[in-house]
Amino acid sequence: MNGSAWLMWLGVALAMAAVEAVTVDFVFIMLAIGALAGALASFLGAGFVLSAVVAVAVAVGLLFTLRPALRKRLRPKRDNRDIGPMSVVGLTGYVVEPVSDTAGLVKVHGDLWTARTDVRTTLPLGSSVQVVELQGATLLVDPASPGAHY
């Protein structure tokens with residue numbers, strides 16, 4: 001059995017790589033690399049127990065060192081402002097109903113929003129605004145800088 005034990009390890013590595021292709025979680029690829037290390041150890045003449053120890057040590061080592069780095073690099077955190085209501089913060093729009101410090105209506109990215117502003121004057125109909133903050137379901141807007149497009 002020792003002469004072909006490395007083939008068994010190679011088969012395990014291929015199976016783990018196939019599972020990784022479906023899950024893409026960087027766990028099974030670390031196990032596959034560990035199995036490849038076990039195959040190499042077995043090919044070089046190590047017994048099954050020593051090959052298993054090598055496979056487990058390499059897999060565990062990679063799970064705790066390489067996997068976190070890969071996940072961080074290949075799966076960046078998503079900013080909550082990328083999707084949902086927070087995605088309008090920073091966008092420009094225009095006033096549909098004059099916006100004061102208490103009420104108003106603006107259109108941003110094709111959607112109508114209730115709005116208010118902290119500036120001392122009322123923002124007139126049609127003026128460009130920039131969304132500063134989302135407060136509940138109301139946008140806090142400021143006049144957009146000249147040349148801003150919505």
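This section describes the overall fold of the protein chain and the surroundings of residue R116.

The structure is a predicted model. The protein chain contains three helices and five strands. In sequence order these elements follow the pattern α-α-α-β-β-β-β-β, with the helices preceding the strands. The chain has 150 residues, of which 27% are classed as buried. Its exposed surface amounts to about 9400 Å², and 66% of this area is supplied by carbon and sulfur atoms. When contacts between residues at least 6 apart in sequence are considered, 48% of them connect residues at least 24 apart.

R116 lies in strand β3, which covers residues 111–117. The relative accessible area of R116 is 22%. This residue is classed as partly exposed because its value falls between the 20% limit for buried residues and the 50% limit for exposed ones.

Leaving aside residues up to four places away in sequence, R116 touches V99, S100, D101, T102, A103, Q135, T138, L139, L140 and V141. For L105, which is 11 residues from R116 in sequence, the C-alpha to C-alpha distance to R116 is 8.0 Å.

The side chain of R116 also takes part in polar contacts with other side chains. One is formed with the side chain of D118, at 3.1 Å. Another is formed with the side chain of Q135, at 3.0 Å. Q135 is also among the residues listed above as touching R116.

How values were computed: Residues numbered from 1 in each chain as written. Predicted model: local features only at pLDDT ≥ 70, side-chain atom pairs only at ≥ 80, totals over all residues. Heavy atoms only, no water. Helix = DSSP H or I, 4+ residues; strand = E, 2+ residues; numbered from the N terminus. Buried < 20%, exposed > 50% of the residue type's maximum accessible area, 1.4 Å probe, protein only. Contact = heavy atoms within 4.5 Å. Areas by Shrake-Rupley, 256 points an atom, 1.4 Å probe, with all protein chains shown as cover. Polar contact = N/O pair within 3.5 Å; in protein donor to acceptor, adjacent residues only side chain to side chain.
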